[in-house]
Amino acid sequence: MQIDPRRWPGRVVPSTDADVDIAVESLCTRASWPDADRRWVRRTLEPWFKAGWSIDAVLVAIDKRPDGTRQGRPRSRAQVAHEFLRARMMVWTDDGARLARPPLTGMSLGEWFRVNRRNALVNSRRSRAALTSEGERARAESRALAHRRDPVERSREKGRRRVEALDSLLLPGQQPPSFADSWRLVADLIPVQRVCSACGHVRSETPRPAHRVA
């Protein structure tokens, strides 16, 4: 399958000759090197591709050193693209021979396809289950209620539907509780909090004889 170089996955490590050609073209496009000699760029990058490097990893190496510091100034017009690339990649070699590990982990083209297919399936729109007759009726009532302009009427209708839903939970023969039942339940469950030991007691006053004023 032929892939547009502009759409080449940056994390994919090219393996076949065709993949390497597309990856090299993708690098030159992303780096804005229209004047680069593709053959020399390919020769420069082939050992890196064999070592597990991807285009995204190469772009990171062009910009930064292994310790994270900046490589230096961007390429000037006087510099040849593949020579500039070779100089930047040499920083990522040990003693000028052994290639360093890529700064970004790569993957094969097959792994990339499997990951994207799985993500497409996960993010695809799930089919909705068909509504039952009760569901269709509830949706129709909800839509009819939403189109009403009077907010008071909407609120009353919403309250009526809530009461009907609660009453449907009662066993046959039972009546819905009244406000008096609710207050009685509250009185039974919540004890009366006394502030002090003397609260709630009636003090009996000892009658005192009346004093006569002369």
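Good morning. The accessible surface of this protein comes to about 17,400 Å², and 53% of that area belongs to carbon and sulfur atoms. Please bear in mind throughout that this is a predicted model.

I shall begin with the overall arrangement. The protein contains eight helices and two strands. Read from the N terminus, the order of elements is α-α-α-α-β-β-α-α-α-α. Of the 214 residues, 21% are buried. Among contacts with a separation of 6 or more, 56% are between residues 24 or more positions apart.

Let me turn to helix α3, which spans residues 55-63. Which of its residues are buried? They are Ile55, Asp56, Ala57, Val58, Ala61 and Ile62. The cover over these buried residues includes α1, α2 and α4.

Asp56 deserves a second look, since this aspartate is a charged partner as well as a buried residue: its side chain meets that of arginine 30 in a salt bridge, with an N to O distance of 2.8 Å. Arginine 30 belongs to helix α1 and aspartate 56 to helix α3, so the pair ties together parts that are 26 residues apart in sequence. The two partners differ in exposure: aspartate 56 has a relative accessible area of 17%, under the 20% limit, and is therefore buried, whereas arginine 30, at 45%, counts as partly exposed.

The whole structure holds 10 salt bridges, and two further examples lie within single helices. In helix α2, arginine 42 and glutamate 46 are four residues apart, which means a separation of about one helical turn. Their closest N and O atoms are 2.8 Å apart. Arginine 42 is buried at 16% relative accessibility, while glutamate 46 is partly exposed at 28%.

In helix α4, arginine 86 and glutamate 83 are three residues apart, again about one turn of the helix. This salt bridge has its closest N and O atoms 3.1 Å apart. Both residues count as partly exposed, arginine 86 at 31% relative accessibility and glutamate 83 at 42%. Returning to Arg42 and Glu46, salt bridges with shared partners join these two residues with Asp17 and Asp21 into one network.

Why do such spacings suit a pair within one helix? An α-helix has 3.6 residues a turn, so residues three or four places apart point the same way.

My last topic is the aromatic residues. The structure holds four aromatic pairs. In one of them, the ring centres of tryptophan 33 and phenylalanine 84 are 6.1 Å apart and the planes stand at 85°, so the pair is edge-to-face. Where do the two partners lie along the chain? Tryptophan 33 is in the loop between α1 (17-30) and α2 (38-50), and phenylalanine 84 is in helix α4 (residues 81-90), so that the pair links parts of the chain 51 residues apart. Both are buried, tryptophan 33 at 5% relative accessibility and phenylalanine 84 at 7%.

A second edge-to-face pair is formed by tryptophan 48 and tryptophan 53, with ring centres 4.9 Å apart and planes at 75°. Tryptophan 48 is buried with a relative accessible area of 5%, and tryptophan 53 is buried with 0%. Ring pairs also bring in Trp92, giving a cluster of Trp48, Trp53 and Trp92.

Finally, one aromatic ring has a charged neighbour: arginine 43 lies over the face of tryptophan 40, at 4.8 Å from the ring centre. Thank you for your attention.

Notes. Residues numbered from 1 in each chain as written. Predicted model: local features only at pLDDT ≥ 70, side-chain atom pairs only at ≥ 80, totals over all residues. Heavy atoms only, no water. Phe/Tyr/Trp six-rings, centres within 6.5 Å; stacked < 30°, edge-to-face > 60°. Buried < 20%, exposed > 50% of the residue type's maximum accessible area, 1.4 Å probe, protein only. Lys NZ or Arg CZ within 6 Å of the ring centre and 35° of its normal. Contact = heavy atoms within 4.5 Å. Areas by Shrake-Rupley, 256 points an atom, 1.4 Å probe, with all protein chains shown as cover. Salt bridge = Lys/Arg side-chain N within 4 Å of Asp/Glu carboxyl O.
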